[in-house]
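I am keeping these notes while going through a model. Each entry records what I looked up and what came back.

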Amino acid sequence: MNGIDVLGPQLSVLVAAGVVLVADALFPGQRRILPFLALAGLLTAALWTTSWVGRGDYQTVFHGTIALDRYAVFFQYVFAGVTATVIFASIDWVSREGRRQGEYYALVLTVCGGLMFLAGARDLITIFIALELSSIPQYILAGWGKDSKSSEAGLKYLLLGAIASSLLLYGMALLYGVTGTTLLSGIADAIAADGESYRGLLIVAMTLLIAGFGFKMAVVPFQMWVPDVYQGAPTPVAAFLSVGSKAAAFAVATRVFFEALGADFLRDDWSMIFAVIAAVSMTLGNLMAIVQSDIKRMLGYSSIAQAGNFLVGLAAISVAGEEFTLGASGVLLFVAAYAFTNLGAFVAVIAISQRINSDRIADYAGMWKVSPFLALGLAFCLVSLTGIPPTVGFWAKLYIFNAAVRADLVWLVIIGVLNSVISAYYYLGVVRVMFLGEPGTEQRFRASPSIAVAMAATALGVLVFGIVPMPLMSAARDAVEIFAR
Amino acid sequence: MELSILIFLPAIAAAVILLLPQRLEQNAKWVALVTAAAMFALSVQLFFRFDTGASGYQFVERRSWVDIGAFNLQYFVGVDGLSLPLVVLTTCLTLASVLVSFSVTHRPRAYFACLLILASSVVGVFVSLDLMLFFLFWELELFPMYLLISIWGSGRKEYSATKFVLYTIAGSAFMLIGILVLAFDARTFDIEQLAAAEFRDTLLPLGWVFFFLFIGFAVKLPIVPLHTWLPDAHSDAPTAVSVMLAGVLLKMGGYGIIRLCVTLMPEVAHDWDAWMAGVGAFSVLYGGFITLRQTDVKRLIAYSSVSHMGLVLLGIGALGSTGLTGATYQMLAHGLITGLMFVMIGLMYERTHTRDIARLGGLARQMPLIATGMVFAGMASLGLPALAGFIAEVTVFLGTFQRFEWAVIASIFGVVLSAGYILWMLQRVMFGPVRHEWDELHDQRHWWEHTVVAGLAALVILLGVYPSLIMNVIEPAMTTLAERLQV
């Protein structure tokens with residue numbers, strides 16, 4: 001079939017999922033190689049994507065439903081990197097858990113395949129199917145643990161995810177009803193032609209879409225599942241959820257809103273909705289995070305606040321044509337920066353929690369003396385989440401706030417900056433506990449090799465892009481050029 | 001190229017030191033010594049190659065770094081008559097710090113790496129001509145300082161290190177807001193362009209911006225009432241860190257006020273000049289009175305720094321060529337003199353293990369060389385003519401007297417106080433009845449100790465008898481700035 005090679009990256013990840021399952025069944029004694037098979041699949045995908053970039057041969061296939069453009073490529077890299085880090089961070093936990101190792105890696109890869117499809121999807125049906133392909137394995141993964149908390153997390157995530165999917169589907173159906181097409185470009189054309197005559201219906205559809213995406217983004221008021229699921233799910237899975245599904249939701253929301261709903265008369269409406277949600281998410285997320293004593297719950301609430309930061313980029317649509325995409329590129333930059341920073345924080349939490357058998361922040365006291373490497377890595381990621389230089393988080397915040405200032409959203413920037421100060425309180429509070437507290441035990445421990453790789457890779461990324469952020473920024477800016485008008 | 005070498009050479013050397021294998025760890029000091037000596041030599045060479053006749057920045061390097069929307073950040077470094085002497089001071093005191101640390105044996109690799117990274121970031125602060133680059137170096141300096149105080153310090157070291165970091169971070173949060181407001185309005189982070197820009201439509205009133213930046217620098221300088229971190233940090237820091245802290249880190253505050261507050265917002269500076277002079281004079285007096293009551297030698301010198309740095313603010317408040325030149329000269333003189341003083345106190349403390357004045361006394365008999373050095377530093381500190389401090393104080397007073405007579409008269413009283421607390425301290429520590437518990441202690445005797453003391457003392461004399469060597473570099477830059485301020 002024509003265009004099948006465009007799907008190479010996605011397919012190689014899904015094929016790897018199958019290979020992992022078969023290898024697990026055929027060679028039960030050799031389970032140690034399973035994660036490396038999975039990583040090989042991801043590497044193939046990344047190389048395949050790179051070969052497309054090298055050829056510069058951007059195109060859409062399957063009647064315009066799947067695009068291979070810079071935007072898709074950007075997210076394919078992010079998703080491949082995120083999944084690889086999650087696999088590295090999972091190796092210890094999975095082999096200690098012992099059961100159904102092959103299934104675990106296969107599900108993680110399936111999520112990744114769905115996310116990669118999502119990155120290039122330009123059609124409502126494709127978007128929905130890709131979103132479900134990535135969501136359903138995540139429901140299973142959330143309930144992977146043996147305790148009842150994990151089962152509760154899985155069930156809660158499944159039920160609320162189903163509601164979100166149905167809201168999304170209603171919105172899509174409505175959009176199809178009024179425009180007569182499911183292609184994003186077709187919707188944009190139809191709206192440009194006679195959209196103003198059914199503006200009311202469009203706004204209803206838009207609201208439903210925002211609600212549906214809002215669940216996946218975990219923004220207020222669609223955030224209530226987050227703390228319970230993060231706390232209950234196994235930590236590597238929580239890391240994956242906090243980054244993967246959030247990034248996916250922003251990837252697709254940015255594309256849908258900029259490409260299909262970018263008409264002048266609609267823009268101000270959704271920009272304002274996003275701005276309000278952003279302000280509320282940042283503030284509530286941060287205020288709730290302050291009072292948490294469990295580090296996973298704290299990271300859960302902080303991820304709500306961070307999603308508010310991303311939304312600033314979606315709200316920042318300036319009227320001037322040349323800067324139309326500045327906010328969108330800010331979203332991409334922030335997603336990439338957040339993905340690695342938050343993953344890095346989770347990697348440290350995975351390793352430390354396994355060791356001390358506790359998720360309480362108070363039990364992290366003196367971690368600097370017990371495991372300097374992990375403490376430093378976690379501290380560095382938390383500094384980046386706060387947005388203090390020289391870390392990539394600082395540049396992401398600067399970039400996105402700059403976009404908002406250009407779009408005359410000064411009030412939102414002020415709220416954002418105040419929230420950064422609030423967030424410093426709880427992020428740096430953990431740093432303080434780790435560095436100045438007295439450790440409960442003097443026995444030092446080392447991170448396992450796989451954790452060390454994941455920690456070093458994320459921390460190094462945070463630092464290197466904190467000093468030389470330009471490559472990431474240009475990549476984000478080139479990626480959103482497809483929305484330029 | 002030269003300035004980049006000054007920034008990155010110590011950073012690279014720090015990496016080399018960290019990579020040294022365990023069995024070679026005692027060689028870390030030699031790597032650090034060679035690096036610091038090379039930096040010092042390079043900066044002195046720059047000093048003599050500096051063209052005092054030319055205006056603007058020299059040894060400039062400019063490279064695009066980050067491009068966000070319409071404004072772009074640059075790697076933009078250069079020096080003028082204000083920053084070049086401070087760079088030389090930094091490299092000089094880095095060398096001194098490395099030498100006085102030769103006896104450090106606890107985790108020497110990490111120690112010397114931190115010291116070199118500190119030097120790298122301070123040089124970066126002085127040579128950056130891009131606001132964001134400046135801010136990055138400003139923040140970078142906190143990491144090594146925190147570790148140096150909290151690991152190799154004494155007493156309540158972690159408390160003091162945290163207090164130091166919290167004060168600076170609180171100040172720099174304000175500073176960042178100020179920087180962003182200026183940059184969003186002028187759409188550039190380039191200090192040269194910002195100096196020429198007119199701020200019309202800033203997000204916050206310009207007076208606030210000035211105040212925000214000023215707070216960030218005032219914490220560092222420090223001025224009363226933002227000074228309380230300084231005595232704690234000093235008394236718990238190891239000797240070399242005290243030297244760097246008093247010698248160059250405080251100067252970052254004075255430098256920032258001149259380079260950013262005054263240069264970028266001259267009109268606002270005019271509105272607040274009397275306040276600056278007044279707060280400066282108050283710091284001189286308040287610092288002086290508090291110093292009189294100290295019982296710990298290091299705390300005593302720390303508080304005297306508050307008093308001396310008040311003079312810097314007083315000189316800046318005059319907003320004239322002479323006052324600004326005097327302020328800069330005072331920064332250099334104080335850096336060398338207080339650096340020497342902390343070296344002497346460090347040498348003494350290494351032997352007696354106490355800094356409590358009540359337990360000391362008559363040390364001149366047991367340690368004549370250390371006593372000589374300390375008396376010399378004391379004389380320089382109280383402003384004895386023919387030594388560096390005297391020239392600086394006189395220039396500040398001359399430059400300020402015409403505009404703020406009252407502030408100068410108050411400050412002169414502060415100088416009288418300094419004679420009081422210094423002489424009294426020397427009398428109690430070095431003279432008086434001999435205490436036999438210290439009989440076993442040896443005097444200053446290692447080559448590195450002799451080198452540091454003699455070198456710094458020679459520079460204090462040089463700056464005292466031949467001020468035009470430095471004045472010729474500072475003055476043209478300050479005159480240009482003062483002309484801009486007149487308009």
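Which residues are buried in α1(A)? I looked this up before anything else and noted that I am working on a predicted model. The list for α1(A) holds Pro9(A), Gln10(A), Ser12(A), Val13(A), Leu14(A), Ala16(A), Ala17(A), Val19(A), Val20(A) and Asp24(A). I kept the polar and charged entries in view: Gln10(A), Ser12(A) and Asp24(A) are on that list as well. For these calls I used the cut-off of 20 or more other C-beta atoms within 10 Å.

I then asked what covers these residues, and found that the cover includes α2 (34-55), α3 (70-97) and α4 (101-120) of chain A. The helix α1 itself runs over residues 8-26 of chain A, 19 residues in total. From first C-alpha to last I get 26 Å, close to the 27 Å expected at 1.5 Å a residue.

Entry on chain A as a whole. I count 19 helices and 2 strands in chain A. The radius of gyration of chain A is 21 Å and the globule rule gives 23 Å for 485 residues; the values are close, so chain A is as compact as a globular protein of that length. The C-alpha trace of chain A spans about 70 × 55 × 40 Å along its principal axes. Of the 485 residues in chain A, 59% are buried. I also checked contacts in chain A with a separation of 6 or more: 79% of them join residues 24 or more positions apart.

Entry on the nonpolar core. Which residues touch the most other members of the largest one? That core has 390 residues, and the answer is Val108(A), Leu118(A), Val335(A), Val343(B) and Val460(B). Helix α13 (residues 326-356) of chain A gives the most to this core, 21 residues. I followed up Val460(B) and set aside its neighbours within four places in sequence. What remains in contact with Val460(B) is Leu336(B), Ile337(B), Leu340(B), Ala380(B), Leu387(B) and Ala388(B).

Entry on the contact between the chains. Chain A puts in 15 residues and chain B 14. On the chain B side, the elements giving two or more residues are β1 (58-68), α5 (131-140) and α7 (157-186). The chain B residues in this contact sort into 9 nonpolar, 2 polar and 3 charged.

Entry on backbone geometry. Most residues other than glycine have a negative phi, and most peptide bonds are trans, so I looked for exceptions.

In chain A, I noted a cis peptide bond from Val220(A) to Pro221(A), with omega near 5°. Pro221(A) sits in the loop between α8 (199-217) and α9 (226-232) of chain A. In chain B, the bond from Leu221(B) to Pro222(B) is cis, with omega near -15°. Pro222(B) belongs to the loop between α9 (206-220) and α10 (229-236) of chain B.

For positive phi I noted Arg107(B), near 45°, and Leu319(B), about 55°; neither residue is a glycine. Arg107(B) is in the loop between α3 (83-100) and α4 (108-127) of chain B, while Leu319(B) is in the loop between α14 (297-317) and α15 (321-352) of chain B.

Last look-up: is Leu319(B) buried or exposed? Leu319(B) has 23 C-beta neighbours inside 10 Å, so I logged it as buried. Arg107(B) has 14 other C-beta atoms within 10 Å, so it went down as partly exposed.

Definitions and conventions:
Residues are numbered from 1 along each chain as its sequence is written. Chains are lettered from A and ligands numbered from 1 in the order in which they are written. This is a predicted model: local features need pLDDT of at least 70, side-chain atom pairs count only at pLDDT 80 or more; totals for chains, interfaces and linings use all residues. Two residues are in contact if their C-beta atoms, placed from the backbone, lie within 7 Å. Helices (H or I, at least four residues) and strands (E, at least two) are DSSP runs, numbered from the N terminus. The radius of gyration is taken over C-alpha atoms; the globule rule is 2.2 Å times the number of residues to the power 0.38. A residue is buried if 20 or more other C-beta atoms lie within 10 Å of its own, exposed if 12 or fewer, and partly exposed in between; C-beta atoms are placed from the backbone. The expected span of a helix is 1.5 Å times one less than its number of residues. A nonpolar core is a set of buried Ala, Val, Leu, Ile, Met, Phe, Trp, Tyr and Cys residues joined through C-beta atoms within 7 Å.
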